[in-house]
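Reader: I would like a close look at one part of this model, the open sheet and the helices packed around it. Please go strand by strand and helix by helix, with the cut-offs behind each term.

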Amino acid sequence: MSETQGSALQWLPHVLTVAGSDSGAGAGIQADIKACAAAGVYCSSVITAVTAQNTVGVQGVYSIAEEFVTEQLRSVLSDMKVDVIKTGMLPSPGVITVLCQIIKEFQVGTVVVDPVMVSTSGDILSGPSTLTGFLEQLLPLADIVTPNLKEASALLGGISLETVGDMRSAAKSIHDLGARNVLVKGGDLRGSSDAIDIFFDGEQFHELSGPRIITRNTHGTGCTLASYIAAELAKGTPMLLAVQAAKSFVESALLFSKDLVIGSGPQGPFDHLYRMKKHQNDINGPNSRFSADSLLLYAVTDSRMNRKWSRSMAEAVKASIEGGATIVQLREKEAETGKFIDIAVKCVAICRSYGVPLLINDRVDVALACDADGVHVGQSDMPVLFARKILGAGKIIGVSCKTPAQAEKAWADGADYIGCGGVFPTTTKKNNPTIGLDGLKAVCLSSKLPVVAIGGIGAENAQSVMELSAPNLKGVAVVSALFDQESVVAETDRLKSLLMDMVMTDR
Ligand SMILES: Nc1ncnc2c1ncn2[C@@H]1O[C@H](COP(=O)(O)OP(=O)(O)OP(=O)(O)O)[C@@H](O)[C@H]1O
Ligand SMILES: Cc1ncc(CO)c(N)n1
Ligand SMILES: [Mg+2]
């Protein structure tokens, strides 16, 4: 059919979750399906148990007979191409045995094991009788196993785990039991202000640390993390990157949902599909303060160049606006905070009088203090999610991105635009690898956000940039082409006219 319609057949990465149902839908199968959906991955589901569960706890468990688990597994695997199997609640030794047989029979490529044993509310989901099955049958098939502290302890005969050091030793011991990679989750580590997980690939340890979000809505973080890892693996993401992406997803979802009220118990669910909600918010307009058209000619200041041409920052900024700059970013890498504020206050006043937005590079505090229009942050500066938290919906936040993955995250975290580069080599920023026009195009295509290109751009090559057929590429950001010039007004005006011609002929 698709041939007659002239369209290519489409393949969607596919995770099969083998897990229990949570009637409250915060954890279990329901969390797995939502996490995979959020990652853009198809998720089929074989149900091993039905729980009567809510935000208070688990009131009942009804295990599905192993014959019927087998029937479900055969149904899915005989018909569909599954890339990754993710396991959650496995209520009996018999279910573990049939699952392992079927994984081998159908030669499923990748297996993610979340050794769910006890819910955070303290209820038993898989009793001690399954321990041997986990240890002897399932772990040796696992590409990654993701125990929380209690589960890691249970797998290791009940040893106590209280410190990050204990988590490292546990990860190594569990690796020795046969799992190829181990992630010991520290969500429940007492007395830690960060949420620290330990990843061990058999050779190296990685301490994955993120801020602990203060919220009651952490029900299902474990299921979600494992499913998101499975989803990333199904897309072909390498193991460590998949784990990092999953942790970052959980963190963002918890932050976005921290004040959500569902249920009256101590542990609420969170919103896996927050990105859709965020998108709705965007459409509905808190970001209407920002017009993407202002990215057309984006002037980034440089005090070294100002010194060379003996002009003050205020003079340089004013000249760039008179020449036609549509937005200005104050970039001060050397100035002390007091000096920076002094300059920023002057520039805010100038920009405001012309109606041109002024952004501050990197320093969220300076932007707030001077009531600038927003900030531009790099990948190693304050994360967009936190900058947004501090600045609120009323400010513009831009972020530098070199890769589609960074671009995707920029949008999910609430950025208003992406600065993408360095497109061409430049002397302004040393040791900054260039991504070329191809890299720029890849970033544009992978994001819904407006993009401004940066790096070695001037009148001579602006056309080659603007010709990229990406509708969200809105302009060029320049430093030396405006500021390392005898006349800032004249050079800005020249580039602006070129850009205007390009956008006009485009229409
Ligand atoms: N409050 C929090 N803030 C940030 N990250 C968290 C928080 N709580 C848990 N996490 C992260 O969520 C992931 C799951 O960890 P956790 O130790 O809670 O698993 P779990 O106990 O199996 O979860 P579940 O509640 O589903 O049983 C880990 O990456 C952990 O660091
Ligand atoms: C069904 C089910 N699976 C897993 C967990 C662990 O969070 C839970 N609470 N319920
Ligand atoms: Mg937990």
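**The open sheet and its helices**

Author: V50 has Y62, in β3, as its bridge partner. This is a predicted model, in which local features need pLDDT of at least 70 and side-chain atom pairs pLDDT 80 or more, while totals for chains, interfaces and linings use all residues. Residues are numbered from 1 along each chain as written, and chains are lettered from A and ligands numbered from 1 in the order of writing.

The neighbouring position T51 stands opposite V61, again in β3. Strands β2 (residues 42-53) and β3 (residues 58-63) are antiparallel and share 5 bridges. They form a hairpin, with 4 residues between the two strands. Strands here are DSSP runs of E with at least two residues, helices are runs of H or I with at least four, and both are numbered from the N terminus. Two strands count as paired if DSSP finds at least two bridges between them.

β2 is also joined to β1 (residues 14-22), this time in parallel, by 9 bridges. One of the positions involved is V18 of β1, whose bridge partner in β2 is V46. Between β1 and β2 the chain passes through helix α1 (residues 28-38), and this β-α-β crossover is right-handed (clockwise from first strand over helix to second, with the strands pointing away from the viewer).

These strands belong to an open sheet of 9 strands with mixed pairing, ordered β3-β2-β1-β4-β5-β6-β7-β8-β9. β3 and β9 (205-211) are the edge strands; each has a single partner, so one side of each is left without a neighbour in the sheet. Further along the order, β5 (residues 110-113) and β6 (residues 144-145) run parallel and are joined by 2 bridges. There, V112 has I144 of β6 as its bridge partner.

The helix of the crossover also meets the sheet: α1 lies across β1, β2 and β4 (84-87), at about 150 degrees to β1. Such angles run from 0 to 180 degrees between N-to-C directions, along axes fitted to C-alpha atoms, for helices over the stretch in contact.

α1 packs in turn on helix α7 (residues 221-235), their axes coming within 8 Å and crossing at roughly 40 degrees. That angle makes α1 oblique to α7 (not under 35 degrees, not over 145 and not 65 to 115). The crossing of α1 and α7 is right-handed (the near helix is turned clockwise from the far one by less than a right angle). On the α1 side the contact is made by G28, A31, D32, A35 and C36, and on the α7 side by C223, T224, S227, Y228 and A231. Contact means C-beta atoms, placed from the backbone, within 7 Å.

α7 has another helical partner, α8 (residues 239-256), with the axes 8 Å apart and an angle of about 140 degrees. That makes α7 oblique to α8, and α7 passes α8 in a right-handed crossing. From α7 the contact takes T221, T224, L225, Y228, I229, E232 and L233; from α8 it takes A242, V243, A245, A246, K247, F249 and V250. T224 and Y228 of α7 thus appear in the contact with α1 and also in the contact with α8.

Terms used: Contact = placed C-beta atoms within 7 Å.
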